[in-house]
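Please read the following briefing alongside the sequence and the coordinates. The points are grouped by topic, beginning with the ligand and ending with the domains.

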Amino acid sequence: MSRRVLLLPGDGIGPEVVREARRVLDWANARYVLDLSFVEANLGGVAIDRDGAAYPDATRELARVADGILLGAVGGPKWDGLPAADRPERGLLAIRSDLDLFCNLRPAMLFPDLAAASSLRAELVSGLDVLIVRELTGGIYFGEPRGISVRPDGVREGVNTDRYSEEEIRRIGRLAFEAARKRGGRLCSVDKANVLEVTMLWREVMDSLSAEFSDVSLSHMYVDNAAMQLVREPRQFDVIVTGNLFGDILSDIAAMLTGSIGMLPSASLNADSCGLYEPVHGSAPDIAGEDRANPLATILSAAMLLRYSLSAANAADDIERAVSSVLEKGLRTGDIASGENDQQILGTEAMGDAVMAALQ
Ligand code: IPM
Ligand code: MG
């Protein structure tokens, strides 16, 4: 039976980068006879404009039956004035929650040819390969109560709640231990257990899991220290597991170490491995429509989609190799150029062409 891939281009540079990733998926579909069918739907600001909701019913129906989903990005200044509950970002949070995509994998790997584009010195980042496992459907992003209200004394007050149950911590912890087992065998759990009760429980559950995974060495780190260590000596990390908000912040830091946030793919999985795949970068409205966006993070996200949700590891390997070879040739989008004169700066579509040429 044909497998369904749902494309959600979204806002800003989303449509441009998804277009290039789609070419790569079409290539994989033909080359490995994967029998994929593609359908497109709206999410985020574009969905607000066309369907009146950031996660419209039509999109939900397609998402629930999809075998894998590729998302561009959501959000932009056009919708900044909307109340919190109606913003494009809520569409992204809603689809994550609706499909129970609690496990967000954000690998930060340095392509050797991009060492000069990192914000850190090459000797600190060469060989960098960190996997951030971020809990994605709980914590302060979803905890109740939340909102802005007016107190009896007339002063307004904003509230969010950081909340994790033992089960939620255990299921993300287990996947992180399993990921560490398949890699370097080291797991660092990041929390703020010196202050926040919710993360005291987080630490306790991680410790209790470690008995099941005697081949993985577990360490703990406070989030402030983890942020510092990531820019001080990032190669000390193998796998990091953390909650929703800390994972959001640390994954942007890790992204920059690899040269550009324009290079980083991500996978958000549920217990059935149906997944949503998206670049870690946002919608970059300042360069939208200018053919300047880096499509490589989305192309690498398509590779993750093939690997994790469509059992097409060969195709994923080919695509990752094609991206490496394009970088090796000195081809760059503006965000990953480092000014060396053997480099050639390409636009979004030409970078897609280069990846396609490397695949043929
Ligand atoms: C991310 C983004 C999202 C998040 C936003 C757009 C809601 O920053 O995927 O990291 O905070 O999770
Ligand atoms: Mg983020």
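**Ligand shell and domain layout**

Sorted by class, the shell around ligand 1 comprises 5 charged residues and 1 nonpolar residue, with no polar residues. The structure is a predicted model, and the values below are computed from it.

**Surroundings of ligand 1**

- The residues found around ligand 1 are Glu89, Arg96, Arg106, Arg134, Tyr141 and Asp248, and by class this shell has 5 charged members.
- As for its location in the protein, ligand 1 occupies the second largest pocket.

**Polar contacts and burial**

- A polar side-chain atom of Tyr141 is placed 2.6 Å from an oxygen atom of ligand 1.
- The side chain of Arg106 has an N or O atom 2.8 Å from an oxygen atom of ligand 1, while for Arg134 a polar side-chain atom lies 2.9 Å from an oxygen atom of ligand 1.
- Ligand 1 exposes 320 Å² when taken alone, and the protein buries 77% of that area.

**Domains**

- The protein is divided into domain 1, which covers 1–102 + 270–360, and domain 2, which covers 103–263.
- The C-alpha centres of domain 1 and domain 2 are 23 Å apart, and across the two domains 25 residues of domain 1 are in contact with 26 residues of domain 2.

Key: Residues numbered from 1 in each chain as written. Chains lettered and ligands numbered in written order. Predicted model: local features only at pLDDT ≥ 70, side-chain atom pairs only at ≥ 80, totals over all residues. Heavy atoms only, no water. Near = heavy atom within 4 Å. Polar contact = N/O pair within 3.5 Å; in protein donor to acceptor, adjacent residues only side chain to side chain. Areas by Shrake-Rupley, 256 points an atom, 1.4 Å probe, with all protein chains shown as cover. 1 Å grid on protein atoms, 1.4 Å probe; cavity = no way out; pocket = protein on both sides within 12 Å on 5 of 7 lines; lining within 4 Å. Sits in = over half its atoms within 2 Å of the grid points. Nonpolar A, V, L, I, M, F, W, Y, C, P; charged D, E, K, R; others polar. Domains from an automatic or database assignment. Contact = heavy atoms within 4.5 Å.
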